[in-house]
Amino acid sequence: MYEDKLKIKEVINAIGTVTFLGGNRISPEVLSSIEEVSKVFVNMKQLIDDAGCNIAKSMGVESAYITNGAAAAIVLSVASCIVKSKPGLKYKLPELGRDEKFVLTFKNQISEFKYLIKLTGAKIKEIGTAKDTSELSFKKALKKFADKTVAIVYFAFEPLRESLKIEDVVSITHSFGIPVIVDAAAEVPPIYNFKRYLEAGADIVILSGGKAIGSFSDTGLMLGKKEIIEIAKEIGPHSEEISNSRNTIFIGRTMKVSKEDIVATTVAVDKFLKLNESEFMNDMNTKCKEIIDILGNNTSIRIKKINPPWYFPRPVTIPRVEVEFNNKVDAGVIANNLKYYNPAIYCLVDKGKLYINPQCLRTGEEKIISNAILQLVDREIVGNNIDNFTGK
Ligand SMILES: *Cc1c(COP(=O)(O)O)cnc(C)c1O
């Protein structure tokens, strides 16, 4: 059995829909949806087109395309905007030859995914300061770089705080005839968030398929303007041109999506759109409350429910439990020890505090986590003690 070969050890995920813990759980509906398609051959171009039409219709957007994750969707969207500005580059990317292409981003929108834009061959021009961007400096930068700029990439982390409002970014950028791509990969739920940026006029909005949407971790979505999405298909993984017995493939081939990814994502999107948001939030709040009820009586612990600052695992709508320990106990050491619990527990630590995110917890896991923390606190773990311990 593969269990023996791969030593799969389930862990308790109190961090969120993060890639390093597997993204999410796949629902039975999504899992069973791929059974049939996994046994047959299909016309992939047709399948991904049909799936895109289906998703666009159910989400109420102009066009949709399934990608190999949101990170790939960023790269493919930028590549599409490069090809939009000069169709012949479709055969060259990431080489730009004599052309120089810029993508503008905002310095204060920090994202580890930003540098991936360079995979397209484009250069990144960061606008504004680490703190903020003024409308004036944005307009100035656009004026200066307009002829070489193929897109703006806007990293949407609600609440947007010091960022220029998406509405203003769109109206200024569009006055130069340049498209706006919004990375909103993990901004849902609330469900409405995927539409918010399109309604503000963004040309493309990117979502991760493998987070709250509930498809496989290697799926994502490009939503928005048909014109750009049609180019993405042209340079996407299922595009090939055959002439003179020679096959040409494109940059998107490095971001392949399988037939199973396509079917799973179509089904997952439908399920996600039917999510009962108030029920979901009630469940999140109940899990937080149970943790607080268990840990709240311990005098070595200060505990509260918070809505996290913007840089925490997204989306910020989901409340977290913040745990602060007395001086003798280090939150980082507690978190390290929790990884040696049976089953292993993963929590986030930031600035000396430990955070529990209920998003990916099964009912009952909130109790396991709370009791494990109590055990550690009672032992007054001070060193980096990695003994196995268990609540069982
Ligand atoms: C997770 C995430 C991505 C990458 O998404 P994948 O689907 O894992 O490729 C990109 N941007 C943001 C803001 C994210 O949260």
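Here are a few friendly notes on the two domains of this predicted model and on its ligand.

1. Let's start with the layout. The protein chain splits into domain 1, covering 41-273, and domain 2, covering 277-378. Taken over C-alpha atoms, the centres of domain 1 and domain 2 lie 34 Å apart.

2. Next, the place where the domains meet. On the domain 1 side, 12 residues are in contact with nine residues of domain 2. Together the two domains bury about 910 Å² between them, and 63% of that area is on carbon and sulfur atoms. If you want residues to look at on the domain 1 side, try Phe157, Arg161 and Pro189: these supply 41% of the area that domain 1 buries against domain 2, more than any other three residues.

3. Now for the polar side of that interface. The rule finds one salt bridge across the interface of domain 1 and domain 2, and three residue pairs in polar contact, both partners being at pLDDT 80 or more. As for the make-up of the domain 1 side that touches domain 2, its residues divide into nine nonpolar, no polar and three charged.

4. One salt bridge to view in the structure is that of Glu187 with Arg314, where the closest N and O atoms are 2.7 Å apart.

5. On to the ligand. Its surroundings are made up of Thr19, Gly69, Ala70, Ala71, Phe113, Phe157, Asp183, Ala185, Ala186, Ser208, Lys211 and Thr219. You will recognise Phe157 from point 2: this residue surrounds the ligand along with the others, and Phe157 is also one of the three residues named for the area buried against domain 2.

6. Which atoms does the ligand approach through oxygen? A polar backbone atom of Ala70 is 2.8 Å from an oxygen atom of the ligand, and a polar backbone atom of Ala71 is 2.9 Å from a ligand oxygen. With Ser208 the partner is in the side chain, an N or O atom 2.7 Å from an oxygen atom of the ligand. Taken alone, the ligand exposes 380 Å², and the protein buries 88% of that.

Methods. Residues numbered from 1 in each chain as written. Predicted model: local features only at pLDDT ≥ 70, side-chain atom pairs only at ≥ 80, totals over all residues. Heavy atoms only, no water. Domains from an automatic or database assignment. Contact = heavy atoms within 4.5 Å. Buried area = accessible area lost by both parts, 1.4 Å probe. Salt bridge = Lys/Arg side-chain N within 4 Å of Asp/Glu carboxyl O. Polar contact = N/O pair within 3.5 Å; in protein donor to acceptor, adjacent residues only side chain to side chain. Nonpolar A, V, L, I, M, F, W, Y, C, P; charged D, E, K, R; others polar. Near = heavy atom within 4 Å. Areas by Shrake-Rupley, 256 points an atom, 1.4 Å probe, with all protein chains shown as cover.
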